[in-house]
Amino acid sequence: MKEKVEVSAPGKLMLLGEHAVVYNRPCIVTAVGQRMHATLEVTDEKILSIEAPDVQVTGYTKLMSEAGKGEIPKGARFVEMAVKNFTNQHPIPNGLRVTTRSGFSEFGFGSSSASIVCVTKGLSEILGLGLDNRSLFNLSYQTVLGVQGTGSGFDVAAGIYGGTLYFFTGGKEIEPLEIESLPLVVGYTGIKADTTEIIREVAQRFEGQSQLLNILYDQISTLVKKARVSLKLRDWTGLGDWMNYNQEFLTKLGVSSQKLDDMIAAARRAGAFGAKLSGAGGGDCMIALVADETREKVAEAIIQAGGQVINVDNNVEGARIES
Ligand code: MEV
């Protein structure tokens with residue numbers, strides 16, 4: 001058993017298929033250069049301690065045997081449940097100190113899911129198990145469902161596998177797409193979205209209209225499959241059109257907002273191939289697909305519309321052991 005490991009995992013950006021992917025449909029997601037870093041240290045006393053200053057968790061401790069039970073501060077929930085799920089299946093005889101740092105918790109790039117991935121991969125390394133990506137995904141997805149009660153698992157898949165993935169609900173399909181990075185401009189609305197709440201709102205909005213909702217999700221599913229082809233061909237005009245089309249369905253689902261709409265419209269007017277919200281909606285980020293020549297103009301337009309442009313690499317490496 002190792003005494004200490006440092007592990008990192010990338011955040012994610014949803015490219016196409018959000019919401020539909022929660023309900024047995026595919027999506028396309030890319031891993032981003034903003035990484036969560038976690039240090040896992042084995043300690044003598046059978047105590048779990050968590051330091052996650054980015055999400056206001058400091059000096060939090062609990063008996064290892066109590067992990068996952070009782071009151072858990074919001075910021076510690078994902079790490080603690082990941083430890084619990086992992087050690088239920090692969091017990092460790094000692095205590096554990098987990099320290100995380102990310103610096104991107106406000107943008108909706110999936111810092112919570114990246115922390116689950118870090119803990120799961122880190123514990124596998126500490127115990128010398130060398131779990132493969134599929135096993136890491138299954139454990140991590142179990143944690144997502146344990147904490148949120150809902151979710152497709154696309155975020156933990158991006159954290160584990162990295163790159164750009166064609167992903168089907170619950171990991172029924174995880175296909176790494178062999179592409180280079182995508183020419184994206186990412187605009188942040190300044191508003192943090194609550195994914196679980198927005199998923200619930202969509203379900204409520206369409207109560208008694210499940211047929212209509214299914215038609216919308218089927219149409220999103222169809223366009224995601226077509227977008228996958230455009231992506232592989234590096235057909236940016238085609239991909240941009242699918243993004244615009246996807247945004248129409250997200251508007252029909254009721255998850256866009258005035259601010260997102262303004263930023264998306266501004267990006268399109270400035271010459272983007274396509275633009276849409278990314279993630280649950282309501283806030284967080286929008287993405288625009290651009291040519292080299294339009295990048296600056298699109299970025300400027302997003303700022304003029306009240307957004308903050310965030311420098312983000314995409315299609316980056318998945319979870320890795322740093323030391
Ligand atoms: C949130 O970023 C994307 C959703 O599709 C939720 C999920 O897939 O888990 C709304």
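Let's start with C285, which counts as buried at 2% relative accessibility. Please keep in mind that this is a predicted model. The other cysteine I want to show you is C27, and that residue is buried as well, with a relative accessible area of 0%. Why is there no bond between C27 and C285? The sulfur of C27 has its closest cysteine sulfur in C285, and at 16 Å that is too far for a bond. A disulfide would need the two sulfur atoms within 2.5 Å. Looking from the other end, C285 is in no disulfide, and its nearest cysteine sulfur is that of C27, 16 Å away. For those of you who think about reducing agents, a search of the whole structure finds zero disulfides.

Right next door in the sequence is D284. This residue has a positive phi of about 55°, although it is not a glycine. You will find D284 in the loop between β9 and β10, and at 6% relative accessibility it counts as buried.

There is another residue of this kind, Q56. Here phi is positive too, about 60°, and again the residue is not a glycine. Is Q56 buried or exposed? With 69% relative accessibility, Q56 counts as exposed. Its place is in the loop between β3, residues 47–52, and β4, residues 57–63.

Now back to β10 and the sheet it belongs to. Four strands make an open sheet in the order β9-β10-β8-β11, and the pairing is antiparallel. Which strands stand at the edges? They are β9, residues 274–278, and β11, residues 308–310; each has a single partner strand, so one side of each is left without a neighbour in the sheet. From one strand to the next, the twist averages 30°.

Let me zoom in on one pair. β8, residues 184–188, and β10, residues 285–289, run antiparallel and are joined over five bridges. As a quick reminder, strands of a sheet pair through backbone hydrogen bonds. If you want a spot to click on, take L184, whose bridge partner in β10 is L289. Packing on this sheet is helix α9, residues 295–304, which touches β8, β10 and β11. The direction of α9 makes about 10° with that of β8.

Next, a pair of helices. In general, two packed helices are described by the angle between their axes and the distance between the axes. For α1, residues 77–89, and α2, residues 111–126, the axes come within 9 Å and cross at roughly 35°. The crossing of α1 past α2 is right-handed. Which residues of α1 meet α2? They are F78, V79, A82, V83 and F86, and on the α2 side the list is S112, S115, I116, V119, T120, L123 and S124. Sorted by class, this contact has eight nonpolar residues, four polar ones and no charged ones.

Last stop, Y23. This tyrosine lies in the loop between β1, residues 4–16, and β2, residues 26–43. At 32% relative accessibility, Y23 counts as partly exposed. Which residues does Y23 contact, leaving aside its neighbours within four places in sequence? The answer is T169, I199 and Y217. And to give you a feel for distance, Y23 and E300 are 277 residues apart along the chain, with their C-alpha atoms separated by 36 Å.

That's my tour, thanks for listening!

How values were computed: Residues numbered from 1 in each chain as written. Predicted model: local features only at pLDDT ≥ 70, side-chain atom pairs only at ≥ 80, totals over all residues. Heavy atoms only, no water. Helix = DSSP H or I, 4+ residues; strand = E, 2+ residues; numbered from the N terminus. Buried < 20%, exposed > 50% of the residue type's maximum accessible area, 1.4 Å probe, protein only. Contact = heavy atoms within 4.5 Å. Pairing = 2+ DSSP bridges. Axes fitted to C-alpha atoms, helices over the stretch in contact; angles between N-to-C directions. Left-handed = near helix turned anticlockwise from the far one by under 90°. Nonpolar A, V, L, I, M, F, W, Y, C, P; charged D, E, K, R; others polar.
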